[in-house]
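Reader: Got a minute to go through this one with me? I'd like to start with how the helices pack.

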Amino acid sequence: MPKTLARCPWSDSSPQYVAYHDVEWGVPVHDDHVFFEFLILEGAQAGLSWSTILNKRDNYREAFAGFDPVRVARFDARRVDRLLTNPGIVRNRLKIASSVTNARAFVELQGQCGSFDRYVWSFVGGKPIRNRWRSLREVPASTPESDALSHDLKRRGFRFVGSTIVYAFMQATGLVNDHLIACPRWKDVQQTQR
């Protein structure tokens, strides 16, 4: 009988969650488009379950121009109004409008810092924070690093970037490795350094 992997407990609720956990979550990202994608998705998730957003991810990709921040930054009020009629995404005006605002801030930040990648990794000293959690109860909702990143993003005009949302963003994009140490992905992610 094959041995069942001891994945992080949150990941076992659906095949889609398992795939997300096993392939993406916690792997260090260095692609500005992927960072922008997760800023949009994590902001949309606020107050909802991650599975809701994961199930709508392809619809978000289509609705938000393949997560191209330059294209999304050009969305006007009519485009936002059209998105509000799209049943494939969360139809919340504040969240949709914040995606456009964040795209504009993202592009401006890229111009100032050279890339979002260079900017965001500076908040963790250029390499992933390696946590050694044994249970989900130990995993924090936010950290001093997410507080600092959240504060700076807000200062730069980003919205829906509170510290808890930012920490989830940091976990998803590998700025922090929050796989439980019993999970095989903890070690795998450790080996995917910058």
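**Helix packing and a cysteine**

Author: Sure. Helix H9 (residues 144-155) and helix H10 (residues 163-172) have axes that come within 8 Å and cross at roughly 110 degrees. Keep in mind that this is a predicted model.

Reader: How would you class the orientation of H9 and H10 to each other?

Author: Roughly perpendicular, since an angle from 65 to 115 degrees counts as that. The crossing of H9 and H10 is right-handed.

Reader: And which residues of H9 and H10 meet?

Author: From H9 you have Glu145, Ser146, Asp147, Leu149, Ser150 and Leu153, and they meet Ser163, Val166, Tyr167 and Met170 of H10. By class, the H9 contact with H10 has five nonpolar, three polar and two charged residues.

Reader: OK, next pair. At what angle do H2 and H7 pack?

Author: About 150 degrees, for helix H2 (residues 32-45) against helix H7 (residues 93-113), and their axes are 10 Å apart. That angle makes H2 roughly antiparallel to H7, because the cut-off for that is over 145 degrees.

Reader: What's the handedness where H2 passes H7?

Author: Right-handed.

Reader: Which residues sit at the contact of H2 with H7?

Author: On the H2 side, Asp32, Phe35, Phe36, Leu39, Ile40, Gly43, Ala44 and Gln45. They meet Lys95, Ser99, Asn102, Ala103, Phe106 and Gln110 in H7. Sorted by class, the H2 contact with H7 comes to seven nonpolar, five polar and two charged residues.

Reader: Switching topic: how many disulfides are there?

Author: Zero. Take Cys183, which is in no disulfide: the nearest cysteine sulfur belongs to Cys8 and is 3.9 Å away. A disulfide needs the two sulfurs within 2.5 Å, so that pair does not count.

Reader: Is Cys183 buried or exposed?

Author: Buried, with a relative accessible area of 2%. Cys183 is also one of the residues that Arg7 touches.

Reader: Oh, where is Arg7?

Author: In the segment before helix H1 (15-23). Arg7 counts as partly exposed, at 21% relative accessibility, because buried would mean under 20%.

Reader: What else does Arg7 touch?

Author: Leaving out residues up to four places away in sequence, Arg7 touches Asp12, Val18, His21 and Asp22 as well as Cys183.

Reader: And how are Arg7 and Gln190 placed in space and along the chain?

Author: Their C-alpha atoms are separated by 15 Å, while along the chain Arg7 and Gln190 are 183 residues apart.

Key
Residues numbered from 1 in each chain as written. Predicted model: local features only at pLDDT ≥ 70, side-chain atom pairs only at ≥ 80, totals over all residues. Heavy atoms only, no water. Buried < 20%, exposed > 50% of the residue type's maximum accessible area, 1.4 Å probe, protein only. Axes fitted to C-alpha atoms, helices over the stretch in contact; angles between N-to-C directions. Helix = DSSP H or I, 4+ residues; strand = E, 2+ residues; numbered from the N terminus. Parallel < 35°, antiparallel > 145°, perpendicular 65-115°, else oblique. Left-handed = near helix turned anticlockwise from the far one by under 90°. Contact = heavy atoms within 4.5 Å. Nonpolar A, V, L, I, M, F, W, Y, C, P; charged D, E, K, R; others polar.
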